[in-house]
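Hello,

Here is the structure I promised to pass on. Please open it alongside this email, and read my notes below with it in view.

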Amino acid sequence: MIHMDRNTSPISPLGDDAIAEVIKATKIYEYPGDEINQFKQLYAGYYDIDPGAIEVANGSDEWIQKAIMTLGRNGVMTLDPDFVMYHEYANQVDVPVHTISCDSDFKFDFDMVIEEIKIHEPSLFLISVPHNPTGRMFRAEELQALADAMQRVGGYLVLDEAYFEFGPAYTRPEGKHVLIIRTLSKMFGVAGLRIGIAIAKGETFDKITRLNHPYPVNSLSLNLASKVFSDRTALDQFVRYQLDSKKQLSESLRYACDKINIIESSTNFILTYGDNARDLADYLIGHGYQPRIYNKAPLENAVRYSIIGSEHYERFNQLIKEWSNQYDKEGTRDKGNKNIHST
């Protein structure tokens, strides 16, 4: 089965020789103090940010959990849908969660969002940028209005940028109450290393890091991640592969754009929906391609496709064309809304 349901990279950024070299050089008998500092310097250099403003943890999930525990005690607010783990981690520590629902095309009214913040006064707002699971990129003015609203109620805003490297550059909201969470699991293809990054300033940084362990990530994971960022030429080539795969995925799904709704995406996945979306998914599953299927509202008629290896797109395209042609011949499978939804 070719998995399109995991939102991870289809290939590794490091070859076997590079991995073996790192393993051999890793000092497993020492604590990873130097390894943490080395990775922070490399990561900060890649993005031209202050290494003193970043901290690492065991995946971005740990940062989400810590943000709720340290900044969200008086209530969390998020969108519906958004990353499911926001609810899971809030439930773990009995923090109430209030959500703002999307419309039938999975879009959000930010005027409504701001009003809900005024009413409920949450201490933390969590939002994925670009949005998971739709893949849409929010407008800069929407995000700044969200940050301003949270500042007025004395709360914090978390920008979960798990997929931001796949989208266009954007102007982030300003304010010391804004926390950015990132991961190496998506664009950089090392989900198994479990490295998450938090970026913040001042009091927000102090609060989010006060629960940190002395050495939150192991030496081998840090050294492998540092290896990824040490060779800029190889990393640039790897990033291009990821972006090219996303382009191929977009082009593939266009073969069915007259029968399913497709949301233009700024991530490494594409969300489809509508009356025929599940039928296409079932056809692909029957031929060895596994997309993400949802069973709960508001995503019960939605299907999400993640990028795959470039060698798998030819067959993927063929299957979508076959499915589409069957609909055309039978004359009963043409109920889609016949468009691609942009942001």
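**Two helices side by side**

Helix 2 and helix 8 are roughly parallel to each other, because their axes cross at roughly 30 degrees and angles under 35 degrees count as roughly parallel. Please keep in mind that this is a predicted model. Helix 2 covers residues 33–47, and helix 8 covers residues 219–230. Their axes come within 9 Å. The crossing of helix 2 and helix 8 is left-handed.

Which residues of helix 2 and helix 8 meet? From helix 2 come E35, I36, Q38, F39, L42, Y43 and Y46. From helix 8 come S219, L222, N223, A225, S226, F229 and S230. By class, the contact of helix 2 with helix 8 has eight nonpolar, five polar and one charged residues.

**The seven-stranded sheet**

Next, the sheet. Seven strands make it up, and it is open. The strand order is 2-8-7-6-5-3-4, with mixed pairing. Why does one side of strand 2 and of strand 4 lack a neighbour in the sheet? Strand 2 (54–58) and strand 4 (97–101) stand at the edges and have a single partner strand each, so one side of each is left without a neighbour. From one strand to the next, the twist averages 25 degrees.

At one edge, strand 2 runs antiparallel to strand 8 (residues 195–199). Five bridges join strand 2 to strand 8. To find this pairing on screen, look for E55, whose bridge partner in strand 8 is A198.

Two helices that pack on this sheet are worth a look. Helix 2 is one of them, touching strand 2, strand 7 (178–183) and strand 8. The direction of helix 2 makes about 120 degrees with that of strand 2. Helix 6 (residues 140–152) also packs on the sheet. Helix 6 touches strand 5 (124–128), strand 6 (156–160) and strand 7. Its direction makes about 165 degrees with that of strand 5.

**Strands 1, 11 and 12**

Now to strand 11 (residues 289–293) and its pairings. Strand 1 (residues 2–4) runs parallel to strand 11, and three bridges join them. M4 has P291 as its bridge partner in strand 11. Strand 12 (residues 302–306) runs antiparallel to strand 11, with two bridges between them. There, R292 has R304 in strand 12 as its bridge partner.

**Backbone points to check**

Three spots in loops deserve a look.

- N132 and P133 are joined by a cis peptide bond, with omega about 25 degrees. P133 lies in the loop between strand 5 and helix 6.
- The peptide bond from A297 to P298 is also cis, and its omega is near 5 degrees. P298 sits in the loop between strand 11 and strand 12.
- N7 has a positive phi, near 60 degrees, in a residue other than glycine. N7 is in the loop between strand 1 and helix 1 (16–25).

**What the record says**

UniProt lists residues 27–285 as "domain: Aminotransferase class I/classII large", in an unreviewed entry. Over residues 27–285, the chain is 42% helix and 17% strand. The end C-alpha atoms of that stretch are 44 Å apart.

Best wishes

Technical notes: Residues are numbered from 1 along each chain as its sequence is written. This is a predicted model: local features need pLDDT of at least 70, side-chain atom pairs count only at pLDDT 80 or more; totals for chains, interfaces and linings use all residues. Side-chain values use heavy atoms; hydrogens and water are left out. Two strands pair if DSSP finds at least two bridges between them. Helices (H or I, at least four residues) and strands (E, at least two) are DSSP runs, numbered from the N terminus. Axes are lines fitted to C-alpha atoms, for helices over the stretch in contact, and angles run from 0 to 180 degrees between N-to-C directions. Contact means heavy atoms within 4.5 Å. UniProt positions are given in the numbering used here, feature names are shortened, and annotations may be inferred rather than shown by experiment. Angles under 35 degrees count as roughly parallel, over 145 as roughly antiparallel, 65 to 115 as roughly perpendicular and the rest as oblique. A crossing is left-handed if the near helix is turned anticlockwise from the far one by less than a right angle, and right-handed if clockwise. Ala, Val, Leu, Ile, Met, Phe, Trp, Tyr, Cys and Pro count as nonpolar, Asp, Glu, Lys and Arg as charged, and the others, Gly among them, as polar.
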